[in-house]
Amino acid sequence: MPHPAATRQLKRRLGARTDTSPAGCWAASFDSSKISFLPEAVVTPKIETEIGVVLELANRHRVPVTVRGRGTTLMGSAAPVRGGWVIDMLKLNRVRIDDEAGMAHVGAGATTADIQRAAEARGWFYPPDPSSKEYCTIGGNIACNAGGMHGGKYGVTRDFVIALRGFLPTGELVQWGTATKKFSAGFNLRDLWIGSEGMLGVVTGAVLKLIPQPAARWTLLTAFPDEVAALRAARVLFRARLQPAICEFLDRVSVLCAERATGKTVFPGQAGRPVILLEFAGAVSEIEDLKFEVLAWARAQALAFREARSRTEVEELWAVRRKCSGAMFELGDSKINEDVVVPMRNYERFARFITRLKRESKLAIPTFGHIADGNLHVNIMYHRENSVETRAAEAAVQKLMETVVALGGAISGEHGIGLAKTPFLRLQHSAAQIRAMQAVKKALDPRGILNPGKMFGVVRIWKYEKLQVKFPWDHK
Ligand SMILES: Cc1cc2nc3c(=O)[nH]c(=O)nc-3n(C[C@H](O)[C@H](O)[C@H](O)COP(=O)(O)OP(=O)(O)OC[C@H]3O[C@@H](n4cnc5c(N)ncnc54)[C@H](O)[C@@H]3O)c2cc1C
């Protein structure tokens with residue numbers, strides 16, 4: 001239902017910050033899920049107080065509001081499914097490093113990569129590193145509790161947020177915590193906002209923890225006869241307390257995709273073997289000590305291994321990981337990218353399940369991911385116009401989610417629920433748990449204006465496929 005009177009008031013209050021043009025609204029109508037719902041207006045605040053004005057108006061007139069960072073979420077969580085207004089956070093992008101305290105004071109619209117670069121320039125390190133870090137915002141990272149390759153050793157966004165500032169859906173300014181490393185005064189609503197997918201409040205700024213940059217890094221690529229052997233070997237590594245900063249697994253199909261994309265064989269003579277790519281980071285002496293034990297592990301467990309001996313070789317090895325995902329579109333024009341989490345004790349059972357799922361669904365399902373924390377990206381590839389494949393893909397996702405929960409895992413490790421995962425929330429959570437979450441939502445957002453239609457209502461995203469935005473550069 002449109003809100004013309006409220007939108008006129010918004011324009012009067014915020015003038016040029018409010019865009020109601022068809023082009024402006026279209027650009028804010030979708031995120032990386034590409035499912036599009038047109039808003040009535042897009043507001044781009046330059047100062048924090050303007051967000052309070054928008055929310056107070058929206059709450060008074062019951063206008064749905066969706067907060068938008070860079071729209072890189074794959075779950076449809078930034079798509080304004082009920083229309084209304086979009087708040088674009090990109091102009092609140094300040095970054096200031098507190099050298100002494102080892103903290104970054106950031107605006108919600110700052111990109112993750114800008115924060116990392118500012119920290120690095122002063123000898124500090126901000127480890128959470130989603131692959132989208134050049135584009136995505138810290139506000140979006142906080143809302144989704146984003147992770148990345150460094151998660152296993154250092155943790156995810158939640159582990160680095162010291163304090164948050166922002167607005168309740170009613171338009172009241174709040175601050176959860178302050179720039180101190182300890183804070184034990186009252187309920188911890190900071191952690192409630194983290195991972196709440198823009199449904200409980202609007203983050204305008206954050207104080208982030210930084211750690212010293214490691215002095216040395218060492219990269220090693222290992223190949224294994226099959227997926228079960230690779231995942232078993234990873235468990236041996238962790239049991240030996242050899243903690244890599246990054247530990248990335250790529251199954252055979254992901255390796256073949258990377259080889260097609262880079263035009264290089266990862267291991268000559270071992271084409272298309274599953275691999276684990278490792279980076280160790282720490283003090284120089286620590287890395288020298290580790291090398292001895294890690295190489296012994298590689299000799300005992302792997303078919304082949306390669307150490308990076310120069311910066312160029314490091315880059316070559318990381319290209320394998322970076323390029324595999326895009327190259328998967330040779331296997332299908334559509335991808336369902338799931339970010340499930342599997343407990344380590346069940347790695348081999350999960351690998352056998354994926355092999356069965358491929359055989360039974362007759363689909364290509366390249367799988368790769370962060371095996372230091374069990375967060376595996378299962379990519380179900382299909383052709384959208386082929387109804388047999390589409391149905392097989394839908395059935396494969398259902399089976400995947402049921403199996404992950406049965407193995408004691410999680411349906412999402414870093415992407416969140418949004419719209420796309422709503423059919424599976426009930427697999428993860430009991431009715432009582434969901435009621436508790438809904439009670440929190442009702443308490444903080446009594447009129448239900450902030451990012452409505454997400455998380456709790458079951459949405460079969462397939463039904464919306466016809467609403468997907470198409471670009472000229474889309475894969476055929
Ligand atoms: C190629 C690619 C690679 C990716 N790799 C990773 C990865 O490695 N790890 C990972 O975790 N994710 C990954 N993602 C997913 C995505 O980048 C992350 O979820 C990211 O955190 C989203 O940030 P954003 O600024 O784009 O947020 P958006 O997509 O704009 O929004 C995401 C959600 O956050 C809410 N939100 C945004 N800003 C705020 C705010 N200031 N206050 C309150 N709510 C807000 C929105 O309402 C929405 O619900 C990837 C995505 C792509 C396209």
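This is a guided tour of the structure above, one selection at a time. Keep in mind that the model is predicted.

**Stop 1: the ligand**

Start by selecting the ligand and the residues around it. How many residues surround the ligand? The shell holds 35 residues, and the closest are Gly69, Gly139, Gly140, Ala143 and Gly198. Colour them by type, and you will find 12 nonpolar, 18 polar and 5 charged residues. Next, show the secondary structure: β3 (65-68), α5 (138-144) and β10 (202-209) each give at least two residues to this shell. The largest share, 5 residues, comes from α5.

**Stop 2: the largest nonpolar core**

Now turn to the inside of the protein. In soluble globular proteins, nonpolar side chains tend to be buried together. Here, the largest nonpolar core has 65 residues. Select Val54, Val65, Trp85, Ile87, Ala104, Ala206 and Leu208, which have the most contacts inside this core. Then pick Val54 alone. Setting aside neighbours within four places in sequence, Val54 is in contact with Leu10, Val43, Val65, Trp85 and Ile87. There is also a second, separate core of 61 residues, and its members include Val266, Leu317, Cys324 and Ile365.

**Stop 3: helix α8**

Select residues 227-239 to bring up helix α8. This helix has 13 residues and reaches 19 Å from its first C-alpha to its last, close to the 18 Å expected at 1.5 Å a residue. Which residues of α8 are buried? They are Glu227, Ala230, Leu231, Ala234 and Leu237. Look down the axis of α8: these residues cover an arc of only 110 degrees, which puts them on the same side of the helix. A little background helps here. An α-helix has 3.6 residues a turn, so residues three or four places apart point the same way.

On the other side of α8, Val236 and Arg239 are exposed. To see what covers the buried residues of α8, show β13 (246-250), β14 (275-282), α10 (284-301) and α12, which are among the covering elements. Just after α8, click on Arg241, which takes a positive phi of about 65 degrees.

**Stop 4: helix α13**

Move on to residues 387-406, helix α13. It has 20 residues, and its first and last C-alpha atoms are 29 Å apart, close to the 28 Å expected at 1.5 Å a residue. Its buried residues are Glu389, Ala393, Ala396, Val397, Leu400, Met401 and Val404. Seen down the axis of α13, they fall within an arc of 130 degrees, so they line one face of the helix. The face turned away from that buried side carries the exposed residues Ser387, Val388 and Ala406. The cover over the buried residues of α13 includes β16 (334-341), α12 (347-361), β18 (375-382) and α14 (425-428). Just after the helix comes Gly408, with a positive phi of about 85 degrees.

**Stop 5: Ala393 and Leu363**

Stay on helix α13 and zoom in on Ala393. Why does Ala393 count as buried? It has 24 C-beta neighbours inside 10 Å, and 20 or more are needed for a residue to be called buried. Leaving aside neighbours within four places in sequence, Ala393 is in contact with Ile336, Leu363, Ile380 and Tyr382.

Follow that contact to Leu363, in the loop between α12 and β17 (367-370). Leu363 counts as buried too, with 21 C-beta neighbours inside 10 Å. Not counting residues up to four places away in sequence, Leu363 touches several residues, including Lys358, Met381, Glu389 and Ala396. Try a distance label between Leu363 and Ala392: they are 29 residues apart in sequence and 7.6 Å apart in space, C-alpha to C-alpha.

**Stop 6: two backbone surprises**

Most residues other than glycine have a negative phi. Arg62 is not a glycine, and its phi is positive, about 55 degrees. Find Arg62 in the loop between α3 (48-61) and β3. With 14 C-beta neighbours inside 10 Å, Arg62 counts as partly exposed.

Met455, also not a glycine, has a positive phi of about 70 degrees. Look for Met455 in the segment after α15 (431-444). Is Met455 buried or exposed? With 23 C-beta neighbours inside 10 Å, Met455 counts as buried.

**Last stop: helix α15**

Finally, select α15 itself. Its 14 residues should span 20 Å at 1.5 Å a residue, and its end C-alpha atoms are 20 Å apart, which agrees. The number of buried residues in α15 is 0, so this helix lies largely in the open.

Methods: Residues are numbered from 1 along each chain as its sequence is written. This is a predicted model: local features need pLDDT of at least 70, side-chain atom pairs count only at pLDDT 80 or more; totals for chains, interfaces and linings use all residues. A residue is near a molecule or strand if its C-beta atom, placed from the backbone, lies within 6 Å of it. Helices (H or I, at least four residues) and strands (E, at least two) are DSSP runs, numbered from the N terminus. Ala, Val, Leu, Ile, Met, Phe, Trp, Tyr, Cys and Pro count as nonpolar, Asp, Glu, Lys and Arg as charged, and the others, Gly among them, as polar. The expected span of a helix is 1.5 Å times one less than its number of residues. A residue is buried if 20 or more other C-beta atoms lie within 10 Å of its own, exposed if 12 or fewer, and partly exposed in between; C-beta atoms are placed from the backbone. The arc is that of the directions from the helix axis to the C-beta atoms. Two residues are in contact if their C-beta atoms, placed from the backbone, lie within 7 Å. A nonpolar core is a set of buried Ala, Val, Leu, Ile, Met, Phe, Trp, Tyr and Cys residues joined through C-beta atoms within 7 Å.
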